[in-house]
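Welcome, and please open your viewer with side chains shown as sticks. We will go from one charged pair to the next.

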Amino acid sequence: MLDTRRLITSARNAWGLSFGDGVEGRRRTPSTLISEGPHRDLYRFGEIQGRPVLLVPPLAVPAYCYDLRPGQSLASHLVRGGHTPYALDYGTMQYTDRHMGFESWIDGIIPDAIRAVSELHDGTDVSVIGWSLGGTMTLLTASAHSDLPIASITAISTPVDYTKIPTISPLRLIGGYTGDRPLTTATDLIGGLPAPLVQASYRVTAPQRELLKPWFIAKNLHNTETLARMESIDTFMADMPGYPGRAFRQICRQLILGNGLYKNTIVLGGRSIDLAELSVPVLAIGGTSDVIAPAASVTAIRSVLTGSPSVRFEEVPGSHLGIVAGPTSENSTWAHIDSFLKDVTQQMVTAL
């Protein structure tokens, strides 16, 4: 006998995916705009209730990467844990932003946000969490500005040794002969890497997911939660903005081809930035099935942060986005963050 309730749910989900607004409307954690400016809007989730945490998104990624939906929201998890999370929002990138490079973030946008959050908490040091390039920019910021009120850094899926990323090996091989011209010539002409290319490149990293999506939907048509998770990821990828031209060149030259983070040869704004200068506790997290930032490229962080009082590395199940907002995040990535932040808080209290 057919399950009537299951049939009704399947029909409703099929309609939502095909003709409606999806299986679930957008549901985000309540947030308040604290300050705004060009590519630097700052939001607070919930009310001030505990130690501050700043969430730094990567470039070319929507700021809501930390708050996709209920059950896929690190921001909401932090609120429930008694923290006061904040998030930076860079907005979209236009042709007029083509001259923005990493300097714009590590010397302006991120330090300004850290200081603003600290001031809202009576000068308390801020724990900073960055995913992917958000972690890269956070590490560079802390290394370049030792005076910032930073309590700790969590770098999620942040590659340090780019030679450990198989998917970019062909680019590194070609770049060894040609430099970055094949990667950057076109983007120089149009002022950056446009959003459609960013979205397409992200999808290419998970070809199986794209090919099997019709079968996945058919198999799970009765499971609203599973489809809602799929839908949130599809929406997220469709909303990805582009890279400004200067920042994209720096990624190609200094990170991908130069492997500058691992070699400590990052040069920005006319000065060299040495990760060994970073002097706060760090937690690095890598995913077992992350093809964008394999765990081997992430764990290399332990060999370069020689000035940090402690560097932890944790390997968790999941893909590049999955370890931040996947079905196992709460019991893996988020649990490690909880433990790390608790230890950092205890150390701060002991030091008083």
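Is Asp112 buried or exposed, or something in between? With a relative accessible area of 37%, Asp112 is partly exposed (buried means under 20% relative accessible area, exposed over 50%, partly exposed in between, with a 1.4 Å probe and protein chains only). Before moving on, note that this is a predicted model, where local features need pLDDT of at least 70 and side-chain atom pairs count only at pLDDT 80 or more, while totals for chains, interfaces and linings use all residues. Residues are numbered from 1 along each chain as its sequence is written, and side-chain values use heavy atoms, with hydrogens and water left out.

Now add Arg115 to your selection: its side chain forms a salt bridge with Asp112 at 3.8 Å, N to O (a side-chain nitrogen of Lys or Arg within 4 Å of a carboxyl oxygen of Asp or Glu). The two are separated by about one helical turn, because they sit three residues apart in helix H3 (helices are DSSP runs of H or I, at least four residues, and strands are runs of E, at least two, numbered from the N terminus). Select Arg40 as well, and you have a salt-bridge network linking Arg40, Asp112 and Arg115.

Next, pick Asp107 and Arg271, whose side chains meet in a salt bridge at 2.6 Å, N to O. Asp107 belongs to helix H3 (residues 102–120) and Arg271 to strand S10 (residues 271–273), so this pair ties together parts 164 residues apart in sequence.

Last stop: Arg44 and Glu47, a salt bridge at 3.5 Å, N to O. Arg44 counts as buried at 11% relative accessibility, whereas Glu47 counts as exposed at 56%.
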